[in-house]
Structure formats: C-alpha cells, structure tokens
Amino acid sequence: MKKKNKEKVSTIKKDFEGPIEAGQTQGISLQEVLDNYLDERNVILSLLRVYFDKSSTEVASELGISKADLEKIEKSKDLVPYQLVPKIAKLFDVDLKTLLMFLGHANLPASNHESDDSSDFPLAAQYSGPELTRQEKIDLQKLIAIIVEHKQMDKDTK
Amino acid sequence: MRFKTLDRVKDQEYETQIINVDSDASNQFVQSWVAFYIMKILRDPDFSYTLFKWDKIIKGSFVVGSKYQCYGAFTGKRLDGLLSLSLDDILKIEFIATAPWNYGENGRVKRIGSALICFTIQMSQYCNRRGEFMLNAIPDAEKFYERIGMQATGNANPSGLKEYHMSETAASSFIKENGKYII
C-alpha cells in the first residue's frame, strides 16, 4: 500500500508542470478582477454561500441575523456591516484581511503591474509598487483595530 | 486534438479535447475561473495565479478578419485551459493558461499545459512553421518554458515579459516526449 502511495506521489510530481501562463500582459490586478467581474462587492457573500453550500437560513443563523437581513445585505450596495465581517471570515474559514479588502472596507494592495488595457504604456509608467502605501497601511490597521474592538465588545456584551 | 490528462484528485486519466471556443467559453471563464480565483484568494491570499481577461480575448477572436484564434481545453464540459494564437511570419502564443484549479503543485488536472503546447506545435507544423512558435512568459512561468527547451531571445514586450522561442528541434523533442499522451 505504502509503495502504491509512493508511486502515486512520484507520478503527480512528474506530471507537475509549473505555471505556464504567458501573454501580452502581466494579467489583471485583484482590483480589476473585483471591479470588472462583480456587480457589487457584496456578491462575494453570495459566492461564499454558494461555494460552501450553505443556505441563507444557515448563514443568517450562524451570523446571528435574520434571513431577511442577510438577503438585504447581500443585495445592498452599502458595505457589509464591519462587525459581521470577522464572523463571516470565521464561518467560511477565509482570510479576514483579504475579506475586508474584497468587501471594500480596506484598500487592496497597489498592483505591481499595469492594467490589461494599457499594455502600450512605457514600462516605467506601469510600475506602481507591490506594497501598500503608508496611508493604506494605517487605514487598514485602524480598521482591523476597530473590528477587534467590536469583537471584544461583542464578547463583553454576551 | 485529444490528450490524456491526469486528474490527481480522482487519480485517473481523462481525455481532454482542444477545440475552437465559442461564446460559452467566455461565460465559463467568468462563472468558473473568476469565481474560483476570488474564492481561492480569500482562502489563500498568497495564491499567485495570473488571471488574464479571457472574456475579452475570446470575444476578440470572433471579430471578422481577426488574426487571433482562441482554443479551449475541455475535459468533458469543464474548461481546463485556454490558448490564444496569432499567425504572422511565425506562430505566436498571445495568451495561454490553465484553469486556476489546475494551478500549482496541488492543482487538480495535470498535463493541460503540455496538451496546449503540443497543440501549438501541431498548429505550427500544419501552417508550415516547422513546429516553431514564440511567446512572452510571465516571470513565474519562465522556468517551465526553459525546461521544455524554449530559449529567451533577449527581447521583452511592453509589459516587460521575456520573449521565448521554440525551435524546430525543441518542438520535435517535446512532441517525442509527450506524444504518448496524444490520442
């Protein structure tokens, strides 16, 4: 049995090709992905529900809100209330910081490549740095601090 | 072209077919590739897959007189890979990608990249280009292209992606090595 498993692993390793992506551009930034392909950011909540095969009733119950409220939030253009975001992250086992950014509570890191629509820009104009700007980092940290504070408040009031 | 690919979750070989895409492939890209990509990043923020605007690339290939042709690698109805080619003096891979669920060491279906490269070589041979073709690789993929015998030309495109050339000899070796998977 062990031998069979070893053989399986070696076949998989042998068949692993590595990334093959090639193209005229360096691809779409996360910001563009979210802006281009989601009607509203809150669609992510529906996506999570669908991906993890949970009903509105289940999710609403686990978030401690009514089903009607959940549906309202999912369809709303307003930001998901940030005290709910850590609960959502925990429920679906997703990264809190990324979820905050995806739901629009914090800025996404600056892209390190140009937009797919501007491939004719000179190279020097395309680079905007891969890291968050200082302002963004402070915003994000403030936000996380607020959320942690709210989480603590939730605990204290239980 | 039909190619034997390996589903590592089911530990089973499947037949993947490479064919011209229609508008449904564009829908599949948005509904499955993009949705998976978003979910994957939420669970693993370090997921480094490069997503191209395949919806636009696919639609662009439908324009009458376009020099671009777009092909999809379908395992059953599932779109496992995409390829955009253009033909001038030499055949060029404009864009190529496996689906995000196939990406990385833990990816689901293996050999999609090899299938798309075999297909490109066959297209090149069919167009009297002797199996030769060019492409611009994203940095993470450079090793793959070097490993299959492609050589950097020393040029780069406006996005800074290095240009690679597949010679007739390297193409023959690639087909020889992967011919066993072609059905």
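**Exercise 1. Packing of two helices in chain B**

Task: In this predicted model, determine at what angle the axes of helix α3 (residues 112-126) and helix α5 (residues 168-178) of chain B cross, and which residues make the contact.

Solution: Begin with the axes, which come within 10 Å of each other and cross at roughly 130 degrees. Because angles over 145 degrees count as roughly antiparallel and those from 65 to 115 as roughly perpendicular, this crossing makes α3(B) oblique to α5(B). The handedness of the crossing is left-handed. On the side of α3(B), the contact is formed by S114(B), I117(B), C118(B) and I121(B), while α5(B) contributes A171(B), F174(B), I175(B) and N178(B). Sorted by class, the contact has 6 nonpolar and 2 polar residues, with no charged residues.

**Exercise 2. The buried residues of α2(A)**

Task: Establish which residues of helix α2 (residues 30-37) of chain A are buried, and against which helices they pack.

Solution: Taking under 20% relative accessible area as the cut-off, the buried residues are E32(A), V33(A), L34(A) and Y37(A). Within chain A, the buried residues of α2(A) pack against α3 (43-51) and α7 (96-102), and from chain B they meet α1 (23-43) and α2 (54-61).

**Exercise 3. Confidence along chain A**

Task: Find where the confidence in chain A is lowest and where it is highest.

Solution: Start from the chain as a whole, which averages a pLDDT of 69, with 59% of the residues scoring at least 70. The lowest confidence lies in helix α8 (residues 123-126) of chain A, at a mean of 29, and the highest in helix α6 (residues 85-92) of chain A, at 95. Over residues 118-158 of chain A, pLDDT stays under 50, and the model has 48 contacts beyond four places in sequence for that stretch.

How values were computed:
Residues numbered from 1 in each chain as written. Chains lettered and ligands numbered in written order. Predicted model: local features only at pLDDT ≥ 70, side-chain atom pairs only at ≥ 80, totals over all residues. Heavy atoms only, no water. Buried < 20%, exposed > 50% of the residue type's maximum accessible area, 1.4 Å probe, protein only. Helix = DSSP H or I, 4+ residues; strand = E, 2+ residues; numbered from the N terminus. Contact = heavy atoms within 4.5 Å. Axes fitted to C-alpha atoms, helices over the stretch in contact; angles between N-to-C directions. Parallel < 35°, antiparallel > 145°, perpendicular 65-115°, else oblique. Left-handed = near helix turned anticlockwise from the far one by under 90°. Nonpolar A, V, L, I, M, F, W, Y, C, P; charged D, E, K, R; others polar. pLDDT = per-residue confidence, 0-100.
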